[in-house]
Amino acid sequence: MKKKMDVEKMTYAVLAIASFFVFWWLITTFTPAKETTPGPIEVIQLLIDSFVTPIGNYVITGHLLVSLRRVLVGFSVATILGIILGIAMGTSKWAEAIFKPIFELLRPIPPIAWISLVILFFGIGESSKYILCGIGAFTNVTLNAYTGAQNVDPELIGCARMLGTSERSIFFRVILPSCTPQIFAGMQVALSTSWMAVLAAEMVGAQEGCGWMIQRGSDTLNITLVMVGMIVIGCVGMLLAAVMRVIERRLCSWNIMDN
Amino acid sequence: MNEYAKQRRKNKIKFGIVSVISLCVFFTVWYICTAVLHLKPDYILPSPVQVVTAFIDKLTRTAPDGATIFGHIGASLQVALSGYVLGAIVGIPLGIAMAWFRRVDMFVTPLFDLIRPVPTIAWIPLMILWFGIGLGAKAAIIFVSAFVPCVINSYAGIKQTKPVHLWVAQTFGASRREMLFTVAIPTALPLIFTGLRISLGTAWMTLCAAEMLASNKGLGYMIQVNRSLARADLIVVAMLTVGLIGTIFTVGLNSLEKRFVKGGRRG
Amino acid sequence: MEHHGQLKPIISMSHVGKTYLSIHKSNEVVRDVSLDVAENEFVVLFGPGQCGKTTLINLIAGLQLPTTGEVYVDGKKVEAPGSDRGVVYQTTALFPFCTVMGNVEFGPKSRGIPKKERRERAQYFINLVGLQGFENSYPNRLSGGMRQRVGIARAYANDPKVMLMDEPFGHLDAQTRYMMEAELEKIWQKEKRTVVFVTNNSEEAVYLADRIIILTNTPTHIKQEVRVDLPRPRQYSDPAFLEIRRQIEEICDDTL
């Protein structure tokens, strides 16, 4: 029965995607839109070509790696800082009283709004990209670590005390592991925000990277390039999300409610 | 008031004072680093005093970036809300339809999954090329960013309808269409509202990006143009305004949600 | 207060009272409870729901402090939770991020016992509760009965002087409950400890107890004690068993 449903799903999916491409091709071959918009064939041609012919300074994989590098650096640093601050705020009333007001003041400012200030301050070099990715990730991770630490089941802490655990040990062996699923959820959102931030930063001031690529396409009225860029960016986004899900499944398998 | 309550009150006051002191320290350090020590030139990092004066100035003057603060806010709100409303009007019914009608689900979901991974920002160059620089392109970009969460959450909301409730409706002789409107949609309301809330957040966030690259007024534009004008104080004013309005939206929607969505998330 | 034989009681509660304070009111939950428990005695606290039995367990465990009176365990005054008093919670409270082995060896690990020794200990108790083969499973994959067995193993593995059990089988279905009562009986016979067990199920009380302490409604205090001298393991349908059940239920009803 399930097999039959899966086959049905597959057929519809194939049908849907096929009709999308056909529709696209029809519009760009037979209607006036063909003057402005490239058809699927041209896009795919450029996509394949970009693996060998450089756009700007790099082939497409080069741009990919540059963008990824920027994201990973900013994201990692921000995550570590965010976890520390979030758990501190969640477990210590003092830390909460000191840091929360400043955090709440700066939090609603979207990472993209920081671009101008950061570029003025740090220039158009790599560091401003790292910082922007970091800002994108930091708020989410901190917030999630904060709520995670606040919501640790007090019964578990009482239990640990009953078993003879020292307060310091309780922090590392009970509070921290309890927060992991929540922190991970925050990290997933943070990663996609970081990815968006790096694209924005690259569109505004860079010489390479995925964001630069589509901006270049826009500047040279090369819609094909823009579309190729969008496809690549979408694929990378999916990949990042998938990687995070796999890691989550390994780290947090204990959290999935079975009953 | 008993001992316990007195102790709690004391703690609240104590930590409240700590928070206030912390904020004061923050502003003082900021002030010292800029107005006193001049760690960085004014046009890169303004002092808090400069930010405040710039804000007051902006209340009435249109120079140097073309509009008063209200003009910019108005332009931004116009763009954000039009894209947002459009995204909701299209997204919510689509999400509901996808979740309710199996064939629609099987056909549309793969297409949706193709579009979803592309970050909203990546749409900007394409939209500019198609619509030019103006309200159309910006609203289109905001539309995409508001559309996606609305669909996802409406979909999830309908999908979480308990079969048991549908069976009860069936025993009362409800038709499929009646069940949709009397059981499924009410159950989905909390999540639909969540979708609306998230969409507003993403719409407002994407607005900044859209205005930076495709506009000549609005808060995002203000942030962008003042970089080339080297007016960091105006940049900070714009940043804080964006944050403030975002907060107002979030708080507003949260209280609306509390008042109108009865029963919370429990099925 | 009763002294059994000439031995000093291992648990000694003397005029213990507990009142909860909140913003608008105070809530007296326990009033003037005095109780002695001898070593290796199985004592059951029996009373109506929500009467304060859990509070009494928490007071002995040190998870809460009495407003009046004192609690002594093994000659020392109770002021905080500790490894000499093991608790088995109604909600099991297993660490969801630890495997079965991780949970059971948590206590010994906290106290710095070297890996080889604590592994052996934990394994012994895992086997004792019948969960061999599940050492590397996470709690979310176990049934309610299995989780409770882990809770018992975890409390035992820490080598407590006293085991405190707060309606551990309350959330289980009837069949599993009977099974767990028999299991607990067997485990206790093999590894004798002092047990204070809370329940509102008269069948369970008579099956397990050496002595049943019948409690009143809030504010709770001791109405009466009933000794159960039947040979173990007991038969639920034994007339003497049923007679004692009737007795304690009657006394309990009286106090409502």
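Helices here are DSSP runs of H or I with at least four residues, numbered from the N terminus. Noting for myself that this is a predicted model.

**Entry 1: B:Leu114**

I looked up B:Leu114 and found it in helix α4 of chain B. Buried or exposed, or something in between? I get 42% relative accessibility for B:Leu114, so I put it down as partly exposed, since that class runs between under 20% for buried and over 50% for exposed.

**Entry 2: the nonpolar patch**

Next I checked what B:Leu114 sits with on the surface. It belongs to a nonpolar patch of about 530 Å², along with B:Ile115 and, from chain A, A:Phe20, A:Phe21, A:Ile44 and A:Ile48. Which elements supply at least two residues each? I wrote down α1 (2–30) and α2 (40–49) of chain A, plus α4 (102–115) of chain B.

**Entry 3: A:Ser194**

Then I went to A:Ser194, which is in helix α8 of chain A, residues 167–204. Its relative accessible area is 0%, so I logged A:Ser194 as buried. What does A:Ser194 touch, leaving out residues up to four places away in sequence? My list reads A:Val71, A:Phe75, A:Cys133, A:Gly136 and A:Ala137.

**Entry 4: cavities**

Last, I looked for enclosed space. I count two cavities of 30 Å³ or more, and the largest has a volume of about 40 Å³. Its lining is made of C:Met13, C:Val33, C:Leu35, C:Leu45, C:Leu56, C:Ile60, C:Ile213, C:Leu215 and C:Ile222. In chain C, β2 (26–37), α1 (53–61) and β9 (211–215) are the elements that give two or more residues to that lining.

Conventions:
Residues are numbered from 1 along each chain as its sequence is written. Chains are lettered from A and ligands numbered from 1 in the order in which they are written. This is a predicted model: local features need pLDDT of at least 70, side-chain atom pairs count only at pLDDT 80 or more; totals for chains, interfaces and linings use all residues. Side-chain values use heavy atoms; hydrogens and water are left out. Patches are made of residues with over 30% relative accessible area and no salt bridge: like charges are joined within 9 Å, nonpolar side chains (Val, Leu, Ile, Met, Phe, Trp, Tyr) within 5 Å. Accessible areas come from the Shrake-Rupley method with a 1.4 Å probe; for residues, only the protein chains shown count as cover. A salt bridge is a side-chain nitrogen of Lys or Arg within 4 Å of a carboxyl oxygen of Asp or Glu. Buried means under 20% relative accessible area, exposed over 50%, partly exposed in between (1.4 Å probe, protein chains only). Contact means heavy atoms within 4.5 Å. On a 1 Å grid over the protein atoms alone, a cavity is a set of points where a 1.4 Å probe fits but cannot get out, and a pocket is an open set with protein on both sides within 12 Å along at least five of seven lines; lining residues have an atom within 4 Å of a point. Grid points are joined across faces, edges and corners, and a volume is the space filled by probe spheres set on the points.
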